[in-house]
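Here is a friendly look at how the inside of this protein is packed. Please keep the viewer open as you read.

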Amino acid sequence: MMTDTLNTPGGNYVPVMIHEGLAYVSGQLPRRGETLLYTGKVGAEVDLASAQAAAAFCADLCLDAVSQAVGGDARIVQVVKVVGYIASAPGFTQQSQVMNGASDRLVERLGARGETCPHLRWRR
């Protein structure tokens with residue numbers, strides 16, 4: 001799934017930086033243009049399925065940015081690392097399941113090239 005357009009960076013940075021053959025992608029919020037599509041903390045205002053959908057959408061945004069920078073998904077050799085920051089309600093312990101939304105999307109689009117080792121961070 002390609003998103004309709006890439007989001008404009010929200011600050012003084014570029015969406016993708018390629019250095020020594022690796023593409024570094026800026027963080028992506030689940031937004032289309034200036035509209036944030038998901039708000040709140042998972043486990044409170046946001047349910048698990050919606051959080052997974054938000055993570056999948058962010059993965060699409062990242063892949064679209066890299067794809068545009070390198071000339072298409074076919075030129076992406078391997079996803080090396082995925083970092084997810086998840087706003088969680090106290091007591092919510094399924095952050096890895098939220099990130100599965102992103103991981104599943106990466107594999108859906110890239111096959112084995114999308115398999116990675118996610119790195120999770122969350123805030124309460």
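## Packing inside the predicted model

In this predicted model, Val98 makes contact with Val42, Leu48, Ala51, Gln52, Ala55, Ile86 and Phe92, leaving aside residues up to four places away in sequence. Val98 also belongs to a bigger picture: the largest nonpolar core counts 19 residues, and Val42, Val98 and Leu106 are those with the most contacts inside it. At least two residues of this core come from each of helix H1 (48-70), strand E5 (81-87) and helix H2 (95-110). Helix H1 gives the largest share, with 6 residues.

Next, the cysteines. How many disulfides does the structure hold? The count is 0. Cys58 is in no disulfide, and its nearest cysteine sulfur belongs to Cys62, 6.9 Å away. Cys62 is likewise unpaired, with the sulfur of Cys58 as the nearest one at 6.9 Å. Because a disulfide requires two cysteine sulfur atoms within 2.5 Å, the 6.9 Å between these sulfurs rules out a bond in the model. The table sets out their accessibility.

| Residue | Relative accessible area | Class |
|---|---|---|
| Cys58 | 14% | buried |
| Cys62 | 25% | partly exposed |

Finally, the empty space. Searching the whole structure turns up 1 cavity of 30 Å³ or more. The largest cavity has a volume of about 40 Å³. Which residues line the largest cavity? They are Leu6, Asn7, Pro15, Gln28, Leu61 and Ala65. By type, this lining divides into 4 nonpolar and 2 polar residues, with no charged ones.

Notes:
Residues are numbered from 1 along each chain as its sequence is written. This is a predicted model: local features need pLDDT of at least 70, side-chain atom pairs count only at pLDDT 80 or more; totals for chains, interfaces and linings use all residues. Side-chain values use heavy atoms; hydrogens and water are left out. On a 1 Å grid over the protein atoms alone, a cavity is a set of points where a 1.4 Å probe fits but cannot get out, and a pocket is an open set with protein on both sides within 12 Å along at least five of seven lines; lining residues have an atom within 4 Å of a point. Grid points are joined across faces, edges and corners, and a volume is the space filled by probe spheres set on the points. Ala, Val, Leu, Ile, Met, Phe, Trp, Tyr, Cys and Pro count as nonpolar, Asp, Glu, Lys and Arg as charged, and the others, Gly among them, as polar. Buried means under 20% relative accessible area, exposed over 50%, partly exposed in between (1.4 Å probe, protein chains only). A nonpolar core is a set of buried Ala, Val, Leu, Ile, Met, Phe, Trp, Tyr and Cys residues joined through side-chain atoms within 4.5 Å. Helices (H or I, at least four residues) and strands (E, at least two) are DSSP runs, numbered from the N terminus. Contact means heavy atoms within 4.5 Å.
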